[in-house]
Amino acid sequence: MVVFNILVFLISLSVVIILHELGHFVAARRAGILCHEFSLGMGPVLWKTKKGETVYTIRAIPIGGYVMMAGEEVDSEFVKEGMRVRLQFEAGKVSKIYIDHTKEEYENYQLVTVEKVDLSGKDGAPLYLNDYEVKRDAFLVLKNRELQIAPSERSFSGKTRWQRFWAIFGGPMMNFVLAFFVFLAVNLMVGFPNMDSSVIGTVGEGFPADNIIQVGDEIIEVEGNPVSSWDELSAALDDDPANRRIDITVLRDGNEIDLTVTPIIYFYSIGFHSSPDTIDDLIIGPVTEDTKADRAGLQEGDELLSIDGVDVLRWDDVVYAIHDIGNDPYEEGRIVPIVVQRGDEVVTVNVSEPFTAAFLETQNINIVDTRIGISPEYRFSLVQSLTGSVGDVGRSAGIIFTTLGLLFDSDGAGAGIGVDSLAGPLGIYQITSAALSQGAISLLSWIGLLSVNLGVINLLPIPALDGGRLVFLGYEAITNRKPNQKIENTLHYVMYLALMGLFVFITFNDLLRLLNIK
């Protein structure tokens with residue numbers, strides 16, 4: 001099973017990355033830009049092959065990738081005046097320039113000192129080195145690789161701003177296109193809820209409604225209040241989250257049937273919920289791994305006695321106490337003591353920095369919620385699938401921007417959400433495995449979100465990312481002059497090193513979480 005999960009993870013991540021780089025590659029090729037390399041992954045080369053002008057590689061670190069376009073190198077001036085190089089000729093023109101002239105294997109080629117050189121040939125001018133004409137598809141032989149020379153018309157820097165924009169933006173755009181089609185597939189398979197009806201489409205196995213409410217039942221009353229749509233039904237169920245006995249009337253086979261359901265109450269700021277097996281007793285149900293409740297030491301079967309110094313006797317008291325905690329401003333290092341009866345012992349557990357209601361709202365989560373495990377009927381709609389998929393891409397991007405904003409919100413609702421909360425390759429593997437365990441629909445939805453994530457992150461105005469390159473392009477468009485190439489390349493290189501350091505840090509935290517080291 002682990003091997004299968006790893007395979008699915010690698011395929012999912014590779015698809016997202018390959019299509020991103022393919023967006024750059026196709027746009028660059030359409031503009032006539034020479035692409036030296038198309039790489040999947042980062043670090044040492046594991047496999048490579050050359051097809052046409054481009055070398056295709058798979059590298060050791062299975063995250064990221066790049067398209068190496070001519071004219072984007074950190075230092076594209078490989079041949080300078082005063083250098084000594086060796087020349088290989090073909091039909092009277094230079095076909096290869098050997099930078100390392102001291103190698104014995106090159107000693108049969110002509111050794112020259114560079115006195116004048118032009119390998120860009122703007123406006124179709126001939127390329128030359130000293131008095132020798134250089135082929136427009138000649139090669140530079142460097143220490144560890146060969147690079148085809150890129151005259152001005154084949155170089156990124158020699159293209160129009162519009163062509164360069166698409167060569168940069170093509171990558172993120174392909175991520176959004178991929179996400180749209182993934183979400184479209186999900187929407188076509190799942191359909192859309194019929195919100196105009198209160199007919200039950202599914203009943204969750206193991207939830208309170210299981211074996212009480214049936215698929216096809218039409219709920220017509222909740223707590224004596226008539227309902228006819230799913231919105232009215234949801235509002236009636238959420239009216240009193242502490243209500244442990246909800247009276248529901250359903251229409252089944254033309255007969256009205258009165259039912260009683262005991263909902264589960266979820267307390268998301270701390271991460272626990274009521275036991276489905278009790279009604280009035282304040283017993284905690286199974287505690288989800290790695291929640292704040294789990295880290296604090298709350299256990300399934302604990303009976304709540306007090307929360308943050310307030311005695312709790314009924315579920316109403318628990319709801320009010322959790323609401324009070326969640327509506328307090330965030331305080332770094334805040335500890336919320338919860339006293340529970342555990343067997344014959346009275347135990348105090350300390351919950352660290354519970355989520356605020358304001359933060360949970362940014363994630364579209366209520367601080368307290370109830371569930372009985374029912375969902376509406378779903379129906380197929382091509383038009384709604386198309387428009388809904390666009391909305392899914394937008395909502396996914398919104399979630400990512402919100403999360404990024406929380407990283408820099410040291411005093412507000414998002415405080416406590418730091419860089420150490422970000423996921424690297426190991427974290428993405430865990431999320432992918434969890435999505436896979438919930439079925440194909442969940443996995444596809446995660447791939448869509450991951451693709452949007454890559455597109456949004458790459459558009460951030462940070463050097464070394466696509467967004468940083470677009471900023472420099474915007475500067476050129478506004479000032480009508482190109483930025484200093486050396487300064488731009490230096491900024492890209494320095495930020496690249498910083499991002500690699502962040503990558504190592506995030507991966508280290510992933511490993512700690514994987515090993516359950518806290």
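Is the crossing of H1 and H2 left-handed or right-handed? That was my starting point today, and I kept in mind that this is a predicted model.

**Entry 1: two helices crossing**

I looked at how H1 and H2 meet, and their crossing turned out to be right-handed. H1 covers residues 2–30, and its axis comes within 7 Å of the axis of H2, with a crossing angle of roughly 140 degrees. Then I listed who touches whom. On the H1 side I noted Val-15, Val-16, Leu-19, His-20, Gly-23, His-24, Ala-27 and Ala-28. H2 brings Trp-166, Ala-167, Ile-168, Gly-170, Gly-171, Pro-172, Met-174, Asn-175 and Leu-178. Sorted by class, I got 11 nonpolar residues, six polar ones and no charged ones in this contact.

**Entry 2: a walk along H2**

How many residues does H2 have? I found 30, running from 161 to 190. From the first C-alpha to the last, H2 reaches 42 Å, close to the 44 Å expected at 1.5 Å a residue. I also checked for a bend, and H2 has one of about 45 degrees at Gly-170. Pro-172 follows that glycine within four residues. Both Gly-170 and Pro-172 were already on my list of residues touching H1. After the end of H2 comes Gly-191, and its phi is positive, near 85 degrees.

**Entry 3: the three-stranded sheet**

Next I turned to the strands. An open sheet of three has the order E17-E16-E22, with antiparallel pairing. Which strands stand at the edges? They are E17 (272–273) and E22 (368–371); each has a single partner strand, so one side of each has no neighbour in the sheet. I zoomed in on E16 (residues 264–267), which is joined to E17 by two bridges. There I saw Phe-267 opposite Phe-272 of E17. Helix H5 (residues 315–327) packs on this sheet and touches E16, E17 and E22. The direction of H5 makes about 20 degrees with that of E16.

**Entry 4: the four-stranded sheet**

I found another open sheet, this one with four strands in the order E19-E18-E20-E21, and its pairing is antiparallel. Its edge strands are E19 (310–311) and E21 (345–352), each pairing on one side only. E18 (residues 303–307) and E20 (residues 335–342) pair over four bridges. What is the bridge partner of Leu-304 in E20? I traced it to Val-340. H5 turned up again here: H5 packs on this sheet too, touching E18, E19 and E20. With the direction of E18, H5 makes about 45 degrees.

Note on methods
Residues numbered from 1 in each chain as written. Predicted model: local features only at pLDDT ≥ 70, side-chain atom pairs only at ≥ 80, totals over all residues. Heavy atoms only, no water. Expected span 1.5 Å × (residues − 1). Bend = angle between axes of the 7 residues up to and from the residue. Axes fitted to C-alpha atoms, helices over the stretch in contact; angles between N-to-C directions. Left-handed = near helix turned anticlockwise from the far one by under 90°. Contact = heavy atoms within 4.5 Å. Nonpolar A, V, L, I, M, F, W, Y, C, P; charged D, E, K, R; others polar. Pairing = 2+ DSSP bridges.
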